[in-house]
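Open the model in your viewer and keep the selection tool at hand. The stops below are meant to be taken in order.

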Amino acid sequence: GALWGWYLVGSGVERLVIEFARHNDRVFVGLTIAQIASVAVALVGVGWLLWIYRGPRSAPPRTV
């Protein structure tokens, strides 16, 4: 699971950097659609990694 998260972060950042070399129309806060999608993919990857490494902590089992 962690490898998938790292892949998402890496591919999102890499795509964001490449998109700065291209000349597409800016649509939101100076970013293109592809750059916004890249940021979204990277954020999903970060969220995935946080979930994997910190994860939801389950409550300790109740003793009866």
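Select Trp-4, Trp-6, Tyr-7, Trp-48, Trp-51, Ile-52 and Tyr-53 and show their side chains: together they make a nonpolar surface patch of about 850 Å². This is a predicted model, so everything on the tour is computed from predicted coordinates. Colour the patch by helix next. Both α1 and α2 contribute, each with at least two residues, and α2 gives the largest share, four residues.

Stay on the patch and pick Trp-4, which sits in helix α1. Is Trp-4 buried, partly exposed or exposed? Its relative accessibility is 46%. Exposed would require over 50% and buried under 20%, so Trp-4 counts as partly exposed.

Now select residues 33-53, which form helix α2. The helix has 21 residues, and from its first C-alpha to its last it reaches 30 Å, close to the 30 Å expected at 1.5 Å a residue.

Within α2, highlight Gln-35, Ser-38, Ala-42, Gly-45 and Leu-49, which are buried. Turn the view to look down the axis of α2: the buried residues fall within an arc of 80°, so they line one face of the helix. Add residues 2-21, helix α1, to the selection; the buried residues of α2 pack against α1.

For the last stop, rotate to the face of α2 turned away from its buried side. There you will find the exposed residues Ile-33, Leu-43, Val-44 and Trp-51. Trp-51 was already selected at the start, as one of the residues of the nonpolar patch.

Terms used
Residues are numbered from 1 along each chain as its sequence is written. This is a predicted model: local features need pLDDT of at least 70, side-chain atom pairs count only at pLDDT 80 or more; totals for chains, interfaces and linings use all residues. Side-chain values use heavy atoms; hydrogens and water are left out. The expected span of a helix is 1.5 Å times one less than its number of residues. Buried means under 20% relative accessible area, exposed over 50%, partly exposed in between (1.4 Å probe, protein chains only). The arc is that of the directions from the helix axis to the C-beta atoms. Contact means heavy atoms within 4.5 Å. Patches are made of residues with over 30% relative accessible area and no salt bridge: like charges are joined within 9 Å, nonpolar side chains (Val, Leu, Ile, Met, Phe, Trp, Tyr) within 5 Å. Accessible areas come from the Shrake-Rupley method with a 1.4 Å probe; for residues, only the protein chains shown count as cover. A salt bridge is a side-chain nitrogen of Lys or Arg within 4 Å of a carboxyl oxygen of Asp or Glu.
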